[in-house]
Amino acid sequence: MKLLLILGVLTTCLATPQDLTGKMFTFPRSGATSFVKLFASRTQFSALTLCQRFLTDLRRDYVYFSLATTKFSNGFMLLWDAKSKEIEVCTKDVTSIFNVPHMERNMWHSLCTTWESGSGLVLVWLDGQQSARKLGFSRAGYNDNAMITVLGQEQDSHGGSFDFNQSFTGMMSDVHMWNYVLSPGQIRAYTDARQFTPGNVINWKALEYQVFDRVLIEDKQARCTLS
């Protein structure tokens, strides 16, 4: 199994986009210093869709994705509330709650979230199942060249103030973000790993990123055998 081991606090920023098809980020331990910073190709949009795959065995709260602007630390944030069994979606500090009766651990899940500024409506698709629509922030989109996007931690301040108890441990892959709302058919194509148009804000097939602390990049299909 091929691994790229990242040690220390900070690695060199990969300014050249990397095709991570078939790869995943592995967060092997909890902590307030392990995360991946993603560089978005656009910082102005009035709607969005975020899709990603993840696997974890955590029994506590954790954050999937965090986008902070200079005005809103929770500009766009996804969190799993383990006690209430809910996915919380924050759009500019407005929280929309989606009930999930059962989130099986140690298996891959596909999660897509959509938001549109005109109506403020937020929608979650978990493993191809659509949620009810909930109200999030409305009236204005995103327009901040200083926005910071992070996997694995919640930004309680712009670019920092991470909480150990909300850190992600496990694997993440296939992160894409679009500046428009995908159709149900497009979301199902992503969920089923069929052909789809890659994200035009964040593109896993052309990803610019920076890794902090200990993180592994490995083959998603790799299997270890014991001798």
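**Group meeting: a walk through the disulfide, two loops and the cores**

Okay, let's start with a bond: the link of Cys51 and Cys112 is right-handed, with 115° about the S-S bond. This pair ties together distant parts of the chain, since Cys51 sits in strand β6, residues 47-55, and Cys112 in strand β11, residues 109-116, with their positions 61 residues apart. Before I go on, please keep in mind that this is a predicted model.

Back to the cysteines. The sulfur atoms of Cys51 and Cys112 are 2.0 Å apart, and both residues are buried. How many disulfides does the structure hold? Just one. There is also Cys90, and is that residue buried or exposed? Cys90 has 4% relative accessibility, so it counts as buried, the cut-off being under 20%.

Next, a loop. Ser167 lies between β16 (148-151) and β17 (170-178). You might picture a loop residue out on the surface, but Ser167 has a relative accessible area of 0%, so this one is buried. What is it in contact with, leaving aside neighbours within four places in sequence? The list for Ser167 is Ser30, Gly31, Leu58, Arg60, Asp61, Tyr62, Gly152 and Gln153. Take Gln153 from that list: Ser167 and Gln153 are 14 residues apart in sequence, and their C-alpha atoms are 5.0 Å apart in space.

On to another loop, the one between β18 (207-212) and β19 (215-219), where we find Asp213. Asp213 counts as buried because its relative accessibility is 11%. Its side chain has two partners I'd like to show you. One is the side chain of Arg29, joined to that of Asp213 by a polar contact of 3.2 Å. Another is the side chain of Thr33, where the polar contact with Asp213 is 2.4 Å.

Last stop, the nonpolar cores. Which residues touch the most other members of the largest core? Those are Phe25 and Tyr64, out of 43 residues in that core. Strand β7, residues 62-68, gives the most to this core, with four residues.

Let me zoom in on Tyr64. Beyond the neighbours within four places in sequence, Tyr64 is in contact with a whole list of residues, among them Phe54, Leu78, Trp80, Ile87, Met103 and Met172. Gly152 is on that list as well, and you heard Gly152 earlier among the contacts of Ser167.

Finally, there's a second, separate core of eight residues, including Trp125, Trp178, Leu182 and Cys51. That brings us back to where we began, with Cys51 and its disulfide to Cys112.

Definitions and conventions: Residues are numbered from 1 along each chain as its sequence is written. This is a predicted model: local features need pLDDT of at least 70, side-chain atom pairs count only at pLDDT 80 or more; totals for chains, interfaces and linings use all residues. Side-chain values use heavy atoms; hydrogens and water are left out. A disulfide is a pair of cysteine sulfur atoms within 2.5 Å. Helices (H or I, at least four residues) and strands (E, at least two) are DSSP runs, numbered from the N terminus. Buried means under 20% relative accessible area, exposed over 50%, partly exposed in between (1.4 Å probe, protein chains only). Contact means heavy atoms within 4.5 Å. A polar contact is a pair of N or O atoms within 3.5 Å; within protein, one must be able to donate a hydrogen and the other to accept it, and residues adjacent in sequence count only if both atoms are side-chain atoms. A nonpolar core is a set of buried Ala, Val, Leu, Ile, Met, Phe, Trp, Tyr and Cys residues joined through side-chain atoms within 4.5 Å.
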